[in-house]
Amino acid sequence: MTQLRTAPAVPETASSPVMDQFREHVRKATGISLSDAKASMIHQRLRRRVVEVGFQTTDDYLRQVMSARDGAEMVRAVDLITTNTTSFFREPQHFDFLAKRVVPEAIARRGRPRIKIWSAACSEGAEAYTAAMVLAEQQRMGQSFDYAILGTDISTRILDKANRAIFLSDQLEGIPADLRSRYVMSASDPAYAGRGRMVPELRRKVRFGQLNLMDANFPVDPDVTVVFLRNVLIYFDRSDQTRVVQNIARHIMRGGYLMVGHSESMVVEHPELRQVMPSVFQKV
C-alpha cells in the first residue's frame, strides 16, 4: 500500500543558516530582500512543495535546491515565495492620468501614435488589463491612436494566469459596472461559474513574458510611453532600487512616464526623471 507523505510534525517558523543562505541567493538573483521576520512565511509557502518532493524539513529541501545543477527547482522555489498582489484600477489616479494626459500628449506629438505600456511585475495581469480598458475607452470616445501593452513578471506560474485572463468575481469587483459589461465575458461553462474573462479584443492588445528586474538588460522596446512599476521597489534594498530605476529609464521615451507606488516616490532618483505629481515621473 502506498504510504502518504506528511508534513513535519513540528511546524517550522524560524530562520536557520541554510535559510539565510537561501535568502541571500534570492536577494542576489531577484533583488527581493527577505528579512528574518519572513522566515515563517517562507516555511509556509514552501511546505507543500517540501512534502511533494519527499523532504522532511524546509532546510533539507533548500539544501537540495541550492546544490542542484539545472536550477529548475530554484526557479520553482522563488516562484512560490514571490508575493503576487493584484487588483483592477488600483491607485485609480494613475489611470486617470493615462487617459487625460498621456493620450492627449501622445496624439499632439504624432497625430495617430502607438502608445506603448509596460506593466513591470505585472502579477496576474490586472494592471495591464486595466490599462487596456482605459485605452480602449479612449478609442471608443473617438481618440485616434493605437496601443500595445507588455506585462512582465519573474513568476512563470503567475504569468500563466495572466495569459489566461480569467479572474474570480471578487477580483472583478474593482472594475466599474459599465466597463465590466463591455470588457469582461461571463462564463457559460458551469465549471467556470463565478469567474470572468477579458474579451478577445483586449487580450489581443496585451502580451506577457518572463523578466527579472535584476537582469542587466531587458528585452523591451526603448520607446515605451508609460512604465508601471508600482509597489515593487519597496521589496528591494537601496542599491538595487537605484539600479532598477536606471535600467527601466533607458526604455522610456522622452516625454514618457514612470509610475510607482505612493510609498515609493522618494525612492526614484534619476537625472532624467522629473516628478510631475505624487508617484508619477516624466522623462525629460
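With which side chain does the side chain of asparagine 231 make a polar contact? In this predicted model, the partner is the side chain of glutamate 91, at 3.4 Å. Asparagine 231 itself sits in the loop that joins strand 7 (224-229) to helix 11. Its relative accessible area is 19%, and the residue therefore counts as buried, the limit being under 20%. Leaving out residues up to four places away in sequence, asparagine 231 touches Arg90, Glu91, Gly261 and Glu264.

Glu91 also leads to valine 260, since Glu91 is among the residues that valine 260 touches. Valine 260 belongs to strand 8 and is buried, with 0% relative accessibility. Its other contacts, again without residues up to four places away in sequence, are His94, Leu229, Arg230, Leu233, Ser265, Val268, Ser279 and Phe281. For one of these partners, serine 279, the separation along the sequence is 19 residues, while the C-alpha to C-alpha distance is 5.2 Å.

Strand 8 (252-260) is also a boundary of the loop that holds histidine 251; the other boundary is helix 11 (238-249). Histidine 251 is buried, with a relative accessible area of 11%. The side chain of histidine 251 reaches the backbone oxygen of aspartate 221 at a distance of 3.3 Å. Aspartate 221 is also in the contact list of histidine 251, which comprises Trp118, Phe218, Val220, Asp221, Pro222, Asp223 and Val224 once neighbours within four places in sequence are set aside.

The discussion now turns to helix packing. Two packed helices are described by the angle between their axes and the distance between the axes. For helix 1 (residues 17-30) and helix 3 (residues 58-67), the axes come within 9 Å and cross at roughly 45°. Helix 1 is therefore oblique to helix 3, and the crossing is left-handed. On the side of helix 1, the residues that meet helix 3 are Val18, Met19, Gln21 and Phe22; helix 3 contributes Thr58, Asp59, Leu62, Arg63 and Met66. Sorted by class, this contact has 5 nonpolar, 2 polar and 2 charged residues.

How do the axes of helix 2 (residues 39-52) and helix 4 (residues 72-81) cross? They come within 9 Å, at an angle of roughly 135°. An angle has to be over 145 degrees to count as roughly antiparallel, so this pair is classed as oblique. Helix 2 passes helix 4 in a right-handed crossing. The residues in contact are Met41, Ile42, Arg45, Leu46, Arg49 and Glu52 from helix 2, together with Glu73, Arg76, Ala77, Leu80 and Ile81 from helix 4. By class, the contact comprises 6 nonpolar and 5 charged residues, with no polar ones.

A further packed pair consists of helix 5 (residues 92-110) and helix 6 (residues 126-140), whose axes are 10 Å apart at an angle of about 45°. These two helices are therefore oblique to each other, and helix 5 passes helix 6 in a right-handed crossing. Phe95, Leu98, Ala99 and Val103 of helix 5 meet Glu127, Thr130, Ala131, Val134, Leu135 and Gln138 of helix 6. The class count for this contact is 7 nonpolar, 2 polar and 1 charged.

Terms used
Residues are numbered from 1 along each chain as its sequence is written. This is a predicted model: local features need pLDDT of at least 70, side-chain atom pairs count only at pLDDT 80 or more; totals for chains, interfaces and linings use all residues. Side-chain values use heavy atoms; hydrogens and water are left out. Helices (H or I, at least four residues) and strands (E, at least two) are DSSP runs, numbered from the N terminus. Buried means under 20% relative accessible area, exposed over 50%, partly exposed in between (1.4 Å probe, protein chains only). A polar contact is a pair of N or O atoms within 3.5 Å; within protein, one must be able to donate a hydrogen and the other to accept it, and residues adjacent in sequence count only if both atoms are side-chain atoms. Contact means heavy atoms within 4.5 Å. Axes are lines fitted to C-alpha atoms, for helices over the stretch in contact, and angles run from 0 to 180 degrees between N-to-C directions. Angles under 35 degrees count as roughly parallel, over 145 as roughly antiparallel, 65 to 115 as roughly perpendicular and the rest as oblique. A crossing is left-handed if the near helix is turned anticlockwise from the far one by less than a right angle, and right-handed if clockwise. Ala, Val, Leu, Ile, Met, Phe, Trp, Tyr, Cys and Pro count as nonpolar, Asp, Glu, Lys and Arg as charged, and the others, Gly among them, as polar.
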